[in-house]
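Here is a friendly briefing to read with the structure open beside you. Take it topic by topic and find each element as you go.

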Amino acid sequence: MFRPSLRSSIKLLHRTAPSTLLTGRLAAYRCLSDQARSKIQEAVKSDPVVLFMKGTPEEPQCGFSRAVVQILDLHGVPAEKLKTYNVLADPDLRSGIKEFSEWPTVPQIYVNGEFVGGCDILIGMHQSGDLETLLENNGVIPKVEGVAEEVSAEATPVKEKATS
């Protein structure tokens with residue numbers, strides 16, 4: 001008895017869902033003015049690393065922003081290569097950056113003008129080593145060379161002693 005009505009409801013939802021999503025996406029795009037979009041674009045490209053966060057690096061206003069600041073600090077991102085924007089100080093920026101990146105949360109990080117992600121993405125990249133590689137390849141932090149050579153050179157004499 002319920003199966004035919006349920007099936008027709010699903011078909012009805014299936015037919016209307018894409019147009020509703022498309023309309024919602026276009027409406028979100030139209031909310032961000034061209035002027036606001038260009039200002040955010042300039043900000044994103046202004047420095048090697050750009051962070052939109054709640055609060056400041058000295059006083060983060062949420063745990064996610066604090067975590068991102070700590071990760072960047074662990075990787076030794078120099079202050080002169082990092083520009084931060086406090087979205088709590090500007091409500092237009094707070095909503096605008098979400099529409100600009102099509103990412104629903106703050107903090108958001110950009111490296112050389114490219115959107116990287118939010119806190120969860122940055123934590124994952126940090127844990128996998130991908131963040132260090134990204135920062136090195138984009139000239140944000142210096143590449144660490146010769147570490148593997150030093151380790152193997154130090155390990156060699158130990159092996160010789162063991163076999164002697």
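What follows is a walk from one strand residue out to the sheet and then to the helix pairs.

The model is a predicted one. Its sheet is open and has four strands, in the order β2-β1-β3-β4, with mixed pairing. A good place to start looking is V50, which lies in strand β1 (residues 49-53).

**V50 and its surroundings**

- V50 has a relative accessibility of 0%, so this residue counts as buried.
- Leaving aside residues up to four places away in sequence, V50 is in contact with A43, V44, K83, Y85, Q108, I109 and Y110.
- One of these contacts, Y110, is 60 residues from V50 in sequence, yet the two C-alpha atoms are 5.1 Å apart in space.
- Across from V50, in β2, stands K83.

**The sheet, strand by strand**

- The edges of the sheet are formed by β2 (82-86) and β4 (114-117), each of which pairs on one side only.
- On average, neighbouring strands of this sheet are turned by 25° against each other, when direction is ignored.
- In general, the strands of a sheet pair through backbone hydrogen bonds, in either a parallel or an antiparallel sense.
- β1 and β2 run parallel and are joined by five bridges.
- Helix α2 (residues 34-46) packs on the sheet, where α2 touches β1, β2 and β3 (108-111). The direction of α2 makes about 125° with that of β1.
- β1 and β3 run antiparallel, with four bridges between them. L51 has I109 as its bridge partner in β3.
- β3 also pairs with β4, in the antiparallel sense and over three bridges. Here the bridge partner of I109 in β4 is G117.
- I109 can thus be followed in both directions: its partners are L51 and G117.

**Side chains and the turn at β3**

- Which way do the residues of β3 point? Q108 and Y110 point one way, while I109 and V111 point the other way. All four are buried.
- The hairpin of β3 and β4 has two residues between the strands, and in this hairpin N112 takes a positive phi near 50°.

**Helix α3 against helix α5**

- Helix α3 (residues 63-74) packs with helix α5 (residues 119-128) at an angle of about 30°, and their axes are 9 Å apart.
- α3 and α5 are therefore roughly parallel to each other, because angles under 35 degrees count as such.
- The crossing of these two helices, α3 and α5, is left-handed.
- On the α3 side the contact uses F64, A67, V68, I71 and L74, which meet C119, L122, I123 and H126 in α5.
- Sorted by class, the contact of α3 with α5 has eight nonpolar residues, one polar residue and no charged residues.

**Helix α5 against helix α6**

- α5 also packs with helix α6 (residues 130-137), at an angle of about 90° and with the axes 5 Å apart.
- α5 and α6 are therefore roughly perpendicular to each other, because that term covers angles of 65 to 115 degrees.
- L122, M125, H126 and S128 of α5 make this contact with D130, L131 and L134 of α6.
- Sorted by class, the contact of α5 with α6 has four nonpolar, two polar and one charged residues.
- L122 and H126 of α5 take part in the contact with α3 and also in the contact with α6.

Notes
Residues are numbered from 1 along each chain as its sequence is written. This is a predicted model: local features need pLDDT of at least 70, side-chain atom pairs count only at pLDDT 80 or more; totals for chains, interfaces and linings use all residues. Side-chain values use heavy atoms; hydrogens and water are left out. Buried means under 20% relative accessible area, exposed over 50%, partly exposed in between (1.4 Å probe, protein chains only). Contact means heavy atoms within 4.5 Å. Two strands pair if DSSP finds at least two bridges between them. Axes are lines fitted to C-alpha atoms, for helices over the stretch in contact, and angles run from 0 to 180 degrees between N-to-C directions. Angles under 35 degrees count as roughly parallel, over 145 as roughly antiparallel, 65 to 115 as roughly perpendicular and the rest as oblique. A crossing is left-handed if the near helix is turned anticlockwise from the far one by less than a right angle, and right-handed if clockwise. Ala, Val, Leu, Ile, Met, Phe, Trp, Tyr, Cys and Pro count as nonpolar, Asp, Glu, Lys and Arg as charged, and the others, Gly among them, as polar.
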